[in-house]
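Student: I would like a close look at a single part of this structure, the metal site. Please start there and then work outward through the surrounding elements.

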Amino acid sequence: MSRILIVEDEVAIADLEKDYLELSGFEVEIANDGATGLERALSEDYDLFILDLMLPEVDGFELCKRIRENKNTPILLVSAKKDDIDKIRGLGLGADDYVTKPFSPSELVARVKAHLARYERLISSNIVENDIVEIRGIKIDKTARRVWVNGEEKQLTTKEFDLLTFLAENSNRVFSKEELFREIWDMESIGDIATVTVHIKKIREKIEMNTNKPQYIETIWGVGYRFKV
Ligand code: CA
């Protein structure tokens with residue numbers, strides 16, 4: 001349930017806003033002055049703030065600025081004067097929206113819903129799911145660079161990880177040692193393609209039950225390697 005903090009010194013207005021928002025299924029709390037509002041806004045978790053501009057102690061402008069310095073939570077400003085809108089815009093306080101009194105409670109509820117939905121989309125779009133490759137008992141988390149074989153985590157070096165991931169992502173394709181060397185090691189480096197053989201051997205020791213009968217990375221004699229599907 002979304003939690004909303006209303007900071008409003010006019011009790012009747014605060015109660016009206018609270019009633020309508022609660023009817024729409026929100027959890028609502030009220031602070032009747034700016035100082036209390038600020039303290040609660042910064043110390044507790046809310047999903048949206050509704051701030052009156054004219055408040056005792058800390059006014060809505062200051063409150064909005066201070067909250068925005070600390071949180072990205074949507075802020076809706078409530079103003080008694082139309083003139084305030086220009087001031088709000090001019091100050092760049094970071095408010096998401098504003099309504100002027102008198103406003104219809106249903107308009108307030110509609111705006112609250114719109115901002116909560118927008119904010120939720122914003123949050124969920126920032127959550128990046130880990131990029132996972134899974135083939136038969138092997139699970140490779142490309143984001144966290146971790147590998148599991150049948151649920152047991154294996155420690156691979158950077159190049160071992162890169163090589164295994166490349167083969168697994170291109171499974172069933174055969175790559176020559178030269179191709180793998182070019183792919184995984186620095187293009188410029190004058191390396192020994194035997195490095196590839198050494199790394200394949202080490203990977204097998206970590207992921208294969210029996211290195212003599214590899215289930216994952218297969219040697220194609222005279223050609224190279226492939227990850228069996
Ligand atoms: Ca007021």
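Tutor: The metal site comes first, then a helix pair, two buried positions, a strand residue and a second helix pair.

The model is predicted. Its calcium ion is coordinated by Asp-9 (OD), Asp-52 (OD) and Met-54 (O), at 2.1 to 2.3 Å. Along the chain these donor residues follow the spacing D-x42-D-x1-M. Asp-9 sits in the loop between strand E1 (3-7) and helix H1 (11-23), and Met-54 in the loop between strand E3 (48-52) and helix H3 (60-70), so the pair ties together parts that are 45 residues apart in sequence. How accessible are the two loop donors? Asp-9 has 30% relative accessibility and counts as partly exposed. Met-54 is partly exposed as well, with a relative accessible area of 42%. Both values fall between the 20% limit for buried and the 50% limit for exposed.

Strand E3 also holds Ile-50. Is Ile-50 buried or exposed? Its relative accessibility is 1%, so Ile-50 counts as buried. Its contacts show what surrounds it. Beyond residues up to four places away in sequence, Ile-50 touches Ile-4, Leu-5, Ile-6 and Val-7, along with Glu-17, Leu-21, Leu-76, Val-78, Leu-108 and Val-112. A separation of 9.7 Å lies between the C-alpha atoms of Ile-50 and Ala-14, 36 residues apart along the chain.

Now take helix H3 and its partner. Helix H2 (residues 34-43) packs with H3 at an angle of about 10°, and the axes are 10 Å apart. An angle under 35 degrees counts as roughly parallel. H2 and H3 are therefore roughly parallel to each other. Which residues in H2 and H3 meet? On the H2 side they are Gly-34, Gly-37, Leu-38, Ala-41 and Leu-42; on the H3 side, Leu-63, Arg-66, Ile-67 and Asn-70. By class, the residues of this contact divide into five nonpolar, three polar and one charged.

Gly-34 deserves its own look. This residue of helix H2 is buried, with a relative accessible area of 0%. Leaving out residues up to four places away in sequence, Gly-34 touches Val-7, Leu-55, Pro-56, Val-58 and Leu-63. The C-alpha atoms of Gly-34 and Asp-59 are 5.8 Å apart, although 25 residues separate them along the chain.

Next comes a charged residue in a strand. Asp-97 lies in strand E5 (residues 97-100). With 15% relative accessibility, Asp-97 counts as buried, because the limit for that label is under 20%. The side chains of Asp-97 and His-115 are joined by a polar contact of 2.9 Å. Apart from neighbours within four places in sequence, Asp-97 is in contact with Ile-75, Leu-76, Leu-77, Arg-111 and His-115. Leu-76 also touches Ile-50 of E3.

Last, another helix pair. Helix H6 (residues 158-169) and helix H8 (residues 194-207) pack at an angle of about 85°, with axes 10 Å apart. The range from 65 to 115 degrees counts as roughly perpendicular. H6 and H8 are therefore roughly perpendicular to each other. From H6, the contact uses Lys-159, Glu-160, Leu-163, Leu-164 and Leu-167. From H8 come Val-196, His-199, Ile-200, Lys-202, Ile-203, Lys-206 and Ile-207. The contact of H6 with H8 has seven nonpolar, one polar and four charged residues.

Technical notes: Residues numbered from 1 in each chain as written. Predicted model: local features only at pLDDT ≥ 70, side-chain atom pairs only at ≥ 80, totals over all residues. Heavy atoms only, no water. Helix = DSSP H or I, 4+ residues; strand = E, 2+ residues; numbered from the N terminus. Buried < 20%, exposed > 50% of the residue type's maximum accessible area, 1.4 Å probe, protein only. Polar contact = N/O pair within 3.5 Å; in protein donor to acceptor, adjacent residues only side chain to side chain. Contact = heavy atoms within 4.5 Å. Donors = N, O, S within 2.8 Å, 3.2 Å for Na, K, Ca; no water. Axes fitted to C-alpha atoms, helices over the stretch in contact; angles between N-to-C directions. Parallel < 35°, antiparallel > 145°, perpendicular 65-115°, else oblique. Nonpolar A, V, L, I, M, F, W, Y, C, P; charged D, E, K, R; others polar.
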